[in-house]
Amino acid sequence: MTSGDWNDSWERLMARYQPGREQAIERTIDLITARCDGRAPRVLDVGGGTGTLCSRLLARFPEAEVTLVDLDPVMLAIAGASLPSSVEVVRADLRDPGWRGLLPYSGYDAVLAIMALHYLPPDRLTALYAELAGLVRAGGFVANVDDMPETEAVASASDDGSWDAWWDQVAADPVLGPAVVERARLFGDSSSAEWHPPAAWHLRALQAGPVDEPAVAWRDGAQAAVVAFRPR
């Protein structure tokens, strides 16, 4: 398959596991539209995977300056082959506080994470929120969309037959197969542990950064978006 075919198949898989993801992307881009006053924004997509958010954003803002950050070599290979060359695709480990030093810019109008940070433990996610907020330019915002139940946090593991089948296909691909080997070296063979605290936890963590009045921008069932703005 081509990079575009792999991207499409990944999106179909995500539609099954994260059915609200597409709507979350559109709502996030609407928020960027409302804040950018017609100018081309500079956007950081944290844990951007194959680049779905970047593609949707460029369809609305062709002149946007976009950076995608991820660590997964398979996601990065698909993103690098399918996104336009104007997108800066950066390999960085969000578990390492030095990841910001790999970015092409020191400030962004929007710093976004969509269904991407639930694998981080509480202490590291708290520190990451401060790092993300520190990258926001005056008048910009940081937003995280994920499963944020209104009750207590739950831990789970994401894995079933269709997930494994997709990765088996990728491993058999002559282009992406080597990236799968590297991925196994980085992450091991176990399923990714997930942690989903309630939105109130995320709001408290955001308050530690240089942003004003973090709030829940919207909620759809267990899924919610927390947003905080940098003063102009």
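How many cavities of 30 Å³ or more does a search of the whole structure find? The search finds 1. The legends below describe close-up views of a predicted model.

**View 1. The largest cavity and its lining.** About 40 Å³ of space lies in the largest cavity. Its lining consists of Leu117, His118, Leu125, Asn144, Asp146, Asp147, Trp195, His196, Pro197 and His202. Two elements, strand E5 (136-147) and strand E7 (193-196), each give two or more residues to this lining. Strand E5 supplies the largest share, 3 residues. By residue class, the lining divides into 4 nonpolar, 4 polar and 2 charged residues.

**View 2. The largest nonpolar core.** This core holds 32 residues, and the members that touch the most other members are Leu44, Trp99, Val111 and Leu117. Two or more residues each come from strand E1 (42-46), strand E4 (108-114), helix H5 (122-134), E5, helix H8 (199-206) and strand E9 (223-229). A second core, separate from this one, has 28 residues, including Leu68, Leu83, Leu112 and Met115. In soluble globular proteins, nonpolar side chains tend to be buried together. Leu117 also belongs to the lining of the largest cavity.

**View 3. Surroundings of Trp99.** Leaving out residues up to four places away in sequence, Trp99 touches Leu44, Val69, Ala92, Asp93, Leu94, Arg124, Leu128, Glu131, Leu132 and Leu135. Among these contacts, Leu44 is, like Trp99, one of the residues that touch the most other members of the largest nonpolar core.

**View 4. Helix H8.** How many of the 8 residues of H8 are buried? The number is 6, and the helix is mostly covered. The buried residues are Ala199, Trp201, His202, Leu203, Ala205 and Leu206. One of them, His202, also lines the largest cavity. H8 is among the elements that give two or more residues to the largest nonpolar core.

**View 5. Two residues with positive phi, Met115 and Glu213.** Met115 is not a glycine, yet its phi is positive, at about 50°. Met115 is placed in the loop between E4 and H5. Is Met115 buried or exposed? Met115 counts as buried because its relative accessibility is 8%, and buried means under 20%. Glu213, in strand E8 (residues 212-220), likewise has a positive phi, near 45°, without being glycine. With a relative accessible area of 71%, Glu213 is exposed, since the threshold for exposed is over 50%.

**View 6. Cys36 and Cys54.** The search of the whole structure finds 0 disulfides. Cys36 is in none, and its nearest cysteine sulfur, that of Cys54, is 16 Å away. Why is the sulfur of Cys54 not bonded to that of Cys36? The sulfur in Cys36 is the closest cysteine sulfur to that of Cys54, but at 16 Å it is too far for a bond; a disulfide requires the two sulfur atoms to be within 2.5 Å. Both residues count as buried, Cys36 at 4% relative accessibility and Cys54 at 1%.

**View 7. Gln223 in strand E9.** Gln223 lies in strand E9 and is buried, with a relative accessible area of 6%. Apart from residues up to four places away in sequence, Gln223 touches Gly20, Arg21, Ala24, Met115, Val145, Asp146, Asp147, Met148 and Trp218. Of these partners, Met115 is the loop residue shown in View 5, while Asp146 and Asp147 belong to the lining of the largest cavity.

**View 8. Tyr17 and Arg27, in helices H1 and H2.** Tyr17 lies in helix H1 (residues 3-17) and counts as partly exposed, at 25% relative accessibility. The C-alpha atoms of Tyr17 and Ala116 are separated by 13 Å, and the two residues are 99 residues apart along the chain. Arg27 has its place in helix H2 (residues 21-36) and is also partly exposed, with a relative accessible area of 29%. Which residues does Arg27 touch, not counting residues up to four places away in sequence? The contacts are with Trp218 and Arg219. Arg27 and Gln169 are 142 residues apart in sequence, and their C-alpha atoms are 32 Å apart in space. Trp218 is touched by Gln223 as well.

Notes. Residues are numbered from 1 along each chain as its sequence is written. This is a predicted model: local features need pLDDT of at least 70, side-chain atom pairs count only at pLDDT 80 or more; totals for chains, interfaces and linings use all residues. Side-chain values use heavy atoms; hydrogens and water are left out. On a 1 Å grid over the protein atoms alone, a cavity is a set of points where a 1.4 Å probe fits but cannot get out, and a pocket is an open set with protein on both sides within 12 Å along at least five of seven lines; lining residues have an atom within 4 Å of a point. Grid points are joined across faces, edges and corners, and a volume is the space filled by probe spheres set on the points. Helices (H or I, at least four residues) and strands (E, at least two) are DSSP runs, numbered from the N terminus. Ala, Val, Leu, Ile, Met, Phe, Trp, Tyr, Cys and Pro count as nonpolar, Asp, Glu, Lys and Arg as charged, and the others, Gly among them, as polar. A nonpolar core is a set of buried Ala, Val, Leu, Ile, Met, Phe, Trp, Tyr and Cys residues joined through side-chain atoms within 4.5 Å. Buried means under 20% relative accessible area, exposed over 50%, partly exposed in between (1.4 Å probe, protein chains only). Contact means heavy atoms within 4.5 Å.
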